[in-house]
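Colleague: I am new to this structure. Please take me through some of its parts.

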Amino acid sequence: MNRTTAAIKIERDVLAHNYHPLSVVVERAEGSWITDVDGKRYLDCLAGYSALNFGHGHPALLAAARAQLARATLTSRAFHNDRLGPFAAKLADLCGMHLVLPMNTGAEAVETGIKVARRWAYQVKGVPADDAEIVVAAGNFHGRTTTVVSFSTDEQARTGFGPFTPGFTVVPYDDLDALEAAVGERTAAVLVEPIQGEAGVVVPSDGYLAGIRRICDDRRALFVADEIQSGLGRVGATFACELAGVRPDIYLLGKALGGGVVPVSAVVSSRDVLGLIRPGEHGSTFGGNPLAAAVGSAVVDLLATGEYQAAARRIGDVLHRGLRDLIGHGVTAVRGVGAWAGVDIDPAIGSGRQICEALAERGVLVKDTHGSTIRFAPPLVTTDDEIRWALDRLREVLAARQSTV
Ligand SMILES: Cc1ncc(COP(=O)(O)O)c(C=O)c1O
């Protein structure tokens, strides 16, 4: 049994089967490249679903983590720490907001955003107690907790996990008429992904996000943008909302905020909104720990240079041009912005999973979603030549499968 087979066997024997990973066992990774336990190298074109926007082992992030490991790693919020304040100040500044509520995972940031929006609805908008509604979009992916799957439209995410949390209204994504009809007196917030990642990198029409902003302003509701996957450089700007010229009331951030080193998430908003939360009403043992804050601070420093946003635009040009050339050659549609693409594979030549497996054999790692879509989200340190190399591998895989059907 080679090391890959042995490692997969032990995982299969002792882990809950809540994932269906590709048969690649990562041993080490640097920049955009992963090496498996048998020494084979792969170009990482998934980047931990955008948690690795700065690549694996970015020297500035590792240096920040190492320095902090030697100082203090966890204080809990029972005490202050000397890293959290400076991190929050930088992050609020990056977002053009006032206050930060630090958590760990993306789902926790979403849960926190929901609580904050409800609090605002009761204390500021005057919604009767326990009557607040949050309007969300069909096809959403905001995480896996019981409240969050309560408003998922993916049956696989929900079936067998009820009863669900009430207080959510689902409207079709990218449909302002439906949204306008759903937002009313009891609406605390509209919660959307500015680009729906897990749905297959679905980019809404021009004017959709601005329309949400207008409806929220007219009806006095908060606009909560889940930028956990779209934010922090991926789309060629710091935020996808920024590309649309729109400022939400609340940003939900995660994934790349921890630089792929530690889990760091945050809710970032104005004093009028986040200032409503009082001691004892919300928190997390690990949220805002000094190690997370040190790495998060280094992440914000990287983003403040603008280099990574520019890299996403450059990568996006090469990636989208190359992918569009494959339409009609095994690809039926390509969506996306910046270094982020959803690619629909012609079901006649195989499933998304089969294409991902064939690409992995040729040294390119991507992941399928919803049967026939594959997603590209390479680290923003990937070179144009590496992207072209990955596109050549995809072309080969598609041609090989076309010749067998
Ligand atoms: C838009 C969005 N929100 C929330 C989440 C949940 O993040 P986590 O897996 O860190 O809980 C994800 C994860 O893919 C996401 O893409």
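Some questions and answers on a sheet, a pocket and the cores follow.

Modeller: This is a predicted model, with pLDDT of at least 70 needed for local features and 80 or more for side-chain atom pairs, while totals for chains, interfaces and linings use all residues. Residues are numbered from 1 along each chain as its sequence is written, and side-chain values use heavy atoms, without hydrogens and water.

Colleague: Which strands stand at the edges of the open sheet?

Modeller: Strands are DSSP runs of E with at least two residues, helices runs of H or I with at least four, numbered from the N terminus; two strands pair if DSSP finds at least two bridges between them. The sheet has four strands in the order E1-E2-E3-E13, with mixed pairing. One side of each edge strand has no neighbour in the sheet because each has a single partner strand; these are E1 (26–30) and E13 (364–365).

Colleague: Which residue in E13 stands opposite Leu-43?

Modeller: Strand E3 (residues 41–44) and E13 pair in the parallel sense over two bridges. Opposite Leu-43 in E13 stands Val-364.

Colleague: Which helix gives the most to the largest nonpolar core?

Modeller: A nonpolar core is a set of buried (under 20% relative accessible area, 1.4 Å probe, protein chains only) Ala, Val, Leu, Ile, Met, Phe, Trp, Tyr and Cys residues joined through side-chain atoms within 4.5 Å. The largest has 81 residues, of which Leu-323, Ile-374 and Phe-376 touch the most other members. With nine residues, the helix that gives the most is H12 (residues 290–304).

Note on methods. Buried means under 20% relative accessible area, exposed over 50%, partly exposed in between (1.4 Å probe, protein chains only).
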